Structures are given as C-alpha cells and as structure tokens.
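Here is a quick walk through how two chains meet and where the backbone does something unusual. Have a look at the model first, then read on.

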Amino acid sequence: MNTPNDLLYAKSHEWLRLEKDGATVGITDHAQSALSDVVFVELPKTGRKVKAGEVVATVESVKAASDIYAPVAGEITSVNSALPNDPGMINREPYGQGWLFRIQPEQPKPIGLLSNTDYAATLTS
Amino acid sequence: MIPFAGWNLPVEYSGLLAEHKATRQEAGLFDISHMGQIRAQGKATLSCLESILANDPSKLKDGEGHYSFITNEQGGVIDDLLVYRLSPDDFFLVVNASRHTEILQLLKKHETPQVRFSGNPGTAAGMALQGPQAAAILNQVLQGVPIPPRNHIAKFTLFGASILIATTGYTGENGYEIFSDIPTGLKIWSALLEAGKPLGLLPCGLGSRDSLRLEAGLPLNGQDLSPEISPIEAGLGMFVDLNRARPFPGRAILEKQKKSGSPRISIGLQGQPGQPPPRHGYPVYQGHKQIGVITSGVPSPTLGHGIALALVTTPAPACGQDLEFEVRGRRVPAKVSPRRFLPKK
C-alpha cells in the first residue's frame, strides 16, 4: 500500500498534510482499497469546529458506510466540492484529487498521529 | 475475506462493482459451498417434508424445484430454502449456511427407517453461474449435454463424478447452481472460469451477491426474514401453500394473515441519486410517524440510486407514495416501489 512520507496518519486511516495556512485531510490508500468503489460522500459544513477523533464525514461504498474521524482538533475551512459528483476520485487518487476537507488545526503541532512507516506497520500487524 | 456463518468468504475478487456489472451483462461465478446441501431419502420422504415445509412439496414433479420456508409455530421464518425433487423418494434441499446445522437437527428429529436426512456442513461444494452468458459457458463445459429448463434440477456426470445442476439462482439473472463433491467442485470452478474468460465471466464475492439479489428483490434470511417475520409479512405469501389439508408449523397463523392481512408488510423503497443510500436498520417515516425499518438497503449499481426493502406497519403506503428514511440523524426522501427493482428476465 502506498503511504507517502510527507503525510501524517491516524490509526483510523485518515491522512493529514500540514501546509502553511492549515492542513488537508483524506483517507489512505489502504482505506480506499478496503472500502472498494466509493459511491457516496457526506462532507462536513465549512466553519464547523471539531475535536480530534470526532466523526466529521461519511464515505459509502456499495457494501457499507464508513465514518471518517477528524485527525486533529480545529475548524473546517473548506471541503472538496468535486467529490459528491465524482466520489470514485477517492479510489483513484486518495492522496491527490480525492482529498476530503481542509482544517485549521487548533494546535500548531498535531499530537497522536503516526509517520508513514509507523502507519504502514499497523497495516501488517 | 470475512467470517460468515463459520466460513471465510471473499467479499470481492476484482471489485464489487465490476463483479456486479459482469453478472448483469456477461456472467458471474459465485462460490456457494457454504450453503447447506441436505439430502432427504426414503419411502416416507414426501409425507415427512409435507408436514414441515410451507410450500407444498407434493406439487413438485421429478426434476422440479421450488422456493419454500421452514416456519416456527408462530409462523416466523426459521429458514428459506430451495426444495428439489430428484425422484418420489429422493429430495435435495439447499438451506442457508447460518441455519444449516439447526435445520439438519430439526429434520433429523423426524427421521424414521423410511426417511433419512444427510449433509453435514463442509462436506460438499456448490457454485452459482449467473448471467446472460451463463448458458453458453455451461454448454461448453458440458459439451452439448442438454441442460434442464428453469427451476429444474438434473444429475450429470462431470470429471468422472456425479453432480447436480439446478437452473436456479439468487441474482435475478438466468443461471445455474452446481452441486458436487469438493475435489470435483474445484475442477468445475476452474473449467467454468476458463470457458467463461473470453465471454467476460468474473469470479464474484459476497458483496456483489448481496447487491444483485437486492436489485432482484430477493430476501436475505437474518435481515428480510427471521423467526419474528412471517413469509406473508415478507410479501412472499405465494410460496406458502394453504390449498392442502396437511398442517405444518405456524399454519393457522399464516392462514389468518393471508386471509385478513398481517400487522406488517415488506415494501420496496427507491431513493434518489446524490442522496445517502438506505441501509439495514434505518428507521422509515411517513410524515412525523415512524412506520417501520429498513431490512436491506444498498446503493444500486444498476440504477444509480439507493434501493431498500422495508418492513412497515399495515395499512402500508401504496406504490409511488413519498416516505423518508433516517440517515445519521437526517431525513432522506424515498418513494414506495415494487420490491423487484429491476425488470424480470
């Protein structure tokens, strides 16, 4: 499974990319593969303040609905508005065009997230 | 792979959507070795089964099969099954994996020197070949030996072994269910895959089996059927035969429900594109009032919107009426529809 080294990972299979003006969140390659073909995405409202570990979105494949958790506390600043019309983007580009939402983290340094190698280790154990 | 009634079963091979589409447009091959295969043999087989099954097995001619139920004293469904008559004193039953041991024990209580039941879990192979190309693929493997018509079963010899082929399925497509010993099953599986490859055949998992059966409006025991749900409530009263004298468990209650209506009834629901799909367990509302619950729901790969079976209180809303189901605390619109979501083939 692809786990880019410039991202941080939650054990619940979300990734976080820290940027100058906030952070972007999506689901990992492992998560999209386990879900298989995504057919529906429910995204959070912009401006919503969330706690780390709170359910913020739902990704649904034919077989099941899966909760997506906020990897850090913060405020949702934007969502990927292209996803509802093309949810399969999550399968095709989980780390690129398939991103879910952007968040302004409360804390400058995220806590409790894993490096790519530590996350990859959770998948094999 | 996921655990399922004591078995490890693949949810998908190449991908649920690809497998679903292959079965609708070309063909799909499903491993159904987990399904319970029970043989009932002896001179008293028919009269014994008549006193257990909700559909009348005496209607079957040699080589014919039909859908039936084993009901409890309350008229609820212990299991739904296919019953095939091979000869007057030899019947073949295919039951759900989750009920296999329970049904075999229940049947064995009726054993006498004139009727015996056999077929322990894990002792036989089964596979379902389904889809528009199923006949062409099976014909290649059988090399021209004629195949029985729909809802029939026949014995064949393949790879030196005696096998059964039934013209039945659980996808809404034409197709076959093939039953054999395990080593022969492995050979048939490979032979079908090879013959089917140029025709677009894909091996299919539990995931597409569920989306295909729901599009065809076919019930799943444990969701749409249960010991607390009668066949009449599930909308399957046509498979409960009361035109015979013989009693069977729950008959009086089923007779009453058929005559004067059941307290609940299963309806079809169709969602809308772009809305969250209905799922098992979601509440169903008519205005402010909760009238029932979704027993099975899925985003239909063929239709592009959610479809569901829901068990609601009677009098049930008519086809075309607007209802809502609740997803994660919000209401989503749905229309009442026939329970078969795709046209019959």
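## Where the chains touch

In this predicted model, the contact draws on eleven residues from chain A and 15 residues from chain B. On the side of chain B that touches chain A, the elements giving two or more residues are helix H1 (16–25), helix H6 (206–215) and strand S16 (289–299) of chain B. Sort the residues on that side of chain B by character and you get eight nonpolar, four polar and three charged.

## Backbone oddities

Now for the backbone. Two residues other than glycine have a positive phi, A:His13 and B:Arg328. Here they are with their values:

| Residue | Phi | Place |
|---|---|---|
| A:His13 | near 80° | loop between strand S1 (8–9) and strand S2 (14–19) of chain A |
| B:Arg328 | near 45° | loop between S18 and strand S19 (330–337) of chain B |

Is A:His13 buried or exposed? A:His13 has 23 other C-beta atoms within 10 Å, so it counts as buried, the cut-off being 20 or more. And what about B:Arg328, buried or exposed? B:Arg328 has 12 C-beta neighbours inside 10 Å and therefore counts as exposed, since the limit for that is 12 or fewer.

There's also a cis peptide bond to look at, running from B:Thr314 to B:Pro315, with omega near 0°. To find B:Pro315, go to the loop between strand S17 (306–313) and strand S18 (322–327) of chain B. Strand S18 also borders the loop that holds B:Arg328, with strand S19 (330–337) at the other end.

Definitions and conventions: Residues are numbered from 1 along each chain as its sequence is written. Chains are lettered from A and ligands numbered from 1 in the order in which they are written. This is a predicted model: local features need pLDDT of at least 70, side-chain atom pairs count only at pLDDT 80 or more; totals for chains, interfaces and linings use all residues. Helices (H or I, at least four residues) and strands (E, at least two) are DSSP runs, numbered from the N terminus. Two residues are in contact if their C-beta atoms, placed from the backbone, lie within 7 Å. Ala, Val, Leu, Ile, Met, Phe, Trp, Tyr, Cys and Pro count as nonpolar, Asp, Glu, Lys and Arg as charged, and the others, Gly among them, as polar.
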